[in-house]
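Here is a small set of exercises to work through with the model open beside you. Try each task before reading its solution.

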Amino acid sequence: MTTIPLAGRELDSQCPYCSVQCKLRLTPEPASGGEPGEPFRYRAQGAPNAASQGRACVKGLNAHQHAFSSERLLQPLIRREGRLEPCGWDEALDAVAELWRSRIAAGDPDSIGFYGGGSLTNESAYWLGKFARIGVGTRHIDYNGRFCMSAAASAGVRAFGLDRGLTFRLSDIPEAKCILLAGTNVAECQPTLMPYFNEAKENGAYLIVVDPRRTKTAEAADLHLQLRPGTDALLAVLLLRLVLDEGLEDRAFIEARTEGFDEARRQAEALDPAEAAARCGVPLEDARSAARAYASAETAILCTARGVEQQTDGHEAVRQLLNLVLATGQIGRPGCGYGAITGQGNGQGGREHGQKADQLPGYRSIEDPADRAHAAAVWGVPPDSIPGKGVSAFDMMRLVHEGRIRALLVMGSNPVVSNPHAGFVEEALGRLDQLVVADLFLTETARMAHVVLPVASYLENEGTLTNLEGRVLLREASMPPPGEAWADWAVLNALAERLDRQERFRCGSAEAIFEELRRASRGGAADYAGISYERLRKEGGVYWPCPSEEEDGQGLLFADGFARPGGRAQFAARTEAGTGAVDETDGGYPLLLTNGRVLAHYLTGAQTRRSPALASRELESFLELHPRTAAALGIEEGEWVSVVSRQGEFAARGRLNAGIREDTVFAPMHWGGRQNVNRATRPELDPVCRMPGFKTTAVRVRPLRGG
Ligand code: SF4
């Protein structure tokens, strides 16, 4: 609990962390004996909302500690003679705008880049996308959600015609008779979802978990397929093959509601099941049990998360799993469906309204003339004044490294820690003429900046967030920002004024921006037209698509048809990627490194490392490795080790765990500097969705004794 020097009052808020978006109530209580005038501290508890049903996990319950942290940035900083020093807002914003004006005047707005985040509210995310495109006029905007679920997004669009995290409601989960969780450690990453799965198990559901590690989630499974990292696509094809072998496909569904099955079947039948199982590192009989349980269940849900998606064939891996969903007809009915379990609090909404390089608000395409015309009409500009498609987050870093992007605004992200090949990214950002970071703290990225802008935290920032179900929720501000911190969107308004574009950025509140967002999304795939703050206050949350205020949003998708032309879903043929996409291991780099989250931390740890209660649970990074692997390397429990890849090196404390494969090591992603796992991860990207291959890096490990 955090001690704060104010007479307390109860605060209602919503967790700033994962995609469930649990409601929180903060209650003040005396710090010690309850003497009059003494400081109060807050105790948080879960409060009922539609998604979390009143539950909250340890992250949410301690989130306010970072909001009240003494490390909060209270005024802008500007670099003078190599040092960041406090300054006023005018000086900071003038410095930013002066350089931008010169790049725009030189006819090179594309040399200015914008890097957003999946924790921004829908309003700030929308405003940032609009600002980049018609405030500055650059094509270069993308966001950290590129690393979150771009593989699931591209796969969903191609298979179903629509990308929404869950195609079902959370309340459908207990009705599922089989649940297949692939590459998702819900128990630690989205803990308040576990009761939904536990309830399903109590109702008789069979739980299958696919993961190279025996995670907390895998411990709850009836069957754990402990595959070799990078073989998810191959395993998915194998599962389809085994379904076909037993004649468990849903012929009627395939014929009535899909296309492309014959090619998918032909390729699955070309597979040698024994060889495929061996390459995946799973017993063939276990794979057969999984295929049988999933396909023959009356109702079944299949979910993926970053374990499947963060690979250089992540798009392909998800599509192959969607083949399994379609071949068995396990979608579009209560208790059935596919779900990509979003990681970030607003990972869903953050990508719907213009932060992605290729999308305009409402999931409109930046390359489609009609879509461009719609956005242009809402924004009051000619369609051809909206720049074209930009590049993905890591591709932007490459442009920065090449000197083609000279100035970068980072809002709500810490790319020095979160990008793969972090050493390269740090070098790239060091080459910028101007790096501007808007954040709560002096993060690893902010420390490199020329200008740092203090912004509001979740307790101070009003706005909507869209949870993993596609349910839009309103988070009210509980208090004003501390010091001189501003809302993110207010920073953009002030910059627009300095660029003489203020007429396009007149909205002076989150609600006014949301009203414009409603118009911008109207008729798009992610249609928010029927959702208002008033409605959200009354109803608690509304699913998109919701085209009018008279309609309920759609929780369960694809009951009648898919969102593709003709209403049919599309099977994927198996491609080369189906053969696996791992980094090559050899004598020099014999182990595969995979990364992920732990219960107490979130993303790069910029916030959770500043919460004493969370930091004390995991103070430093660790490398999980099998005891036999450790013995072979002479590594003992708790000693520091060096992990070296072809890209770079990081250090962590060895943690022995017989629940991980012997050929695999795991490190969390929440620490920067020398402990940053992304110093080692590789820069190759998925060719379709541009997702980096975070989950498969060949490494060698050695003890750091005396070094
Ligand atoms: Fe809920 Fe996720 Fe926050 Fe935990 S981290 S309280 S599960 S929203």
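The structure is a predicted model, so please keep that in mind throughout.

**Exercise 1. The ligand shell**

Find how many residues surround the ligand, sort them by class, and work out where the ligand lies relative to the domains.

Solution.
- Step 1: The shell around the ligand divides into eight nonpolar residues, five polar and one charged.
- Step 2: In total, 14 residues surround the ligand, and the closest are C15, C18, C22, C57 and G60.
- Step 3: Residues of this shell come from both domain 1 (3-67) and domain 3 (166-341), so the ligand lies between these two domains.

**Exercise 2. Where domain 1 meets domain 2**

Describe the side of domain 1 that touches domain 2.

Solution.
- Step 1: Begin with the bounds: the domain assignment gives 3-67 for domain 1, while domain 2 is made of 77-147, 352-469 and 482-543.
- Step 2: The centres of the two domains, taken over C-alpha atoms, are 29 Å apart.
- Step 3: Contacts join 13 residues of domain 1 to 10 residues of domain 2.
- Step 4: On the domain 1 side, strand 2 (11-14) and helix 2 (64-67) each provide at least two residues, and strand 2 gives the most, with three.
- Step 5: By class, this side has seven nonpolar and six polar residues, but no charged ones.

**Exercise 3. The nonpolar cores**

Locate the largest nonpolar core and the helix that gives the largest share of it.

Solution.
- Step 1: The largest core holds 195 residues, and C178, I179, I208, L238, L239 and Y294 have the most contacts inside it.
- Step 2: Helix 9 (residues 232-245) supplies the largest share, 10 residues.
- Step 3: Take L239 as an example: leaving out residues up to four places away in sequence, L239 touches A287, A290, A291 and L324.
- Step 4: Another core of 22 residues lies apart from the largest one, and L591, F622, F650 and A667 are among its members.

**Exercise 4. Two helices with a buried face**

For helix 12 and helix 18, show how the buried residues are arranged around the axis.

Solution.
- Step 1: In helix 12 (residues 273-280), the buried residues are A276, A277 and C280. Viewed down the axis of helix 12, they fall within an arc of 100 degrees, so they line one face.
- Step 2: The other side of helix 12 has A274 and E275 exposed, while the cover over its buried residues includes helix 9 and helix 13 (284-296).
- Step 3: Helix 18 (residues 393-402) buries A393, F394, M396, M397 and V400. Their arc, seen down the axis of helix 18, is within 150 degrees, so these too line one face.
- Step 4: Among the elements that the buried residues of helix 18 pack against are helix 5 (146-160) and helix 20 (422-429).
- Step 5: Look just past each helix: G281 after helix 12 has a positive phi of about 75 degrees, and G403 after helix 18 has a positive phi near 85 degrees.

**Exercise 5. Unusual backbone**

Which peptide bond is cis, and what are the phi values of Q21 and L603?

Solution.
- Step 1: Recall the background: most residues other than glycine have a negative phi, and most peptide bonds are trans.
- Step 2: The bond from W544 to P545 is cis, with omega near -5 degrees; P545 sits in the loop between strand 22 (542-543) and strand 23 (569-570).
- Step 3: Q21, in the loop between strand 2 and strand 3 (23-30), has a positive phi of about 65 degrees. Q21 counts as buried because it has 30 C-beta neighbours inside 10 Å.
- Step 4: L603 has a positive phi near 45 degrees and also counts as buried, with 25 C-beta neighbours inside 10 Å.

Definitions and conventions. Residues numbered from 1 in each chain as written. Predicted model: local features only at pLDDT ≥ 70, side-chain atom pairs only at ≥ 80, totals over all residues. Domains from an automatic or database assignment. Contact = placed C-beta atoms within 7 Å. Helix = DSSP H or I, 4+ residues; strand = E, 2+ residues; numbered from the N terminus. Nonpolar A, V, L, I, M, F, W, Y, C, P; charged D, E, K, R; others polar. Core = buried A, V, L, I, M, F, W, Y, C linked by C-beta atoms within 7 Å. Buried ≥ 20, exposed ≤ 12 C-beta atoms within 10 Å, placed from the backbone. Near = placed C-beta within 6 Å. Arc of directions from axis to C-beta.
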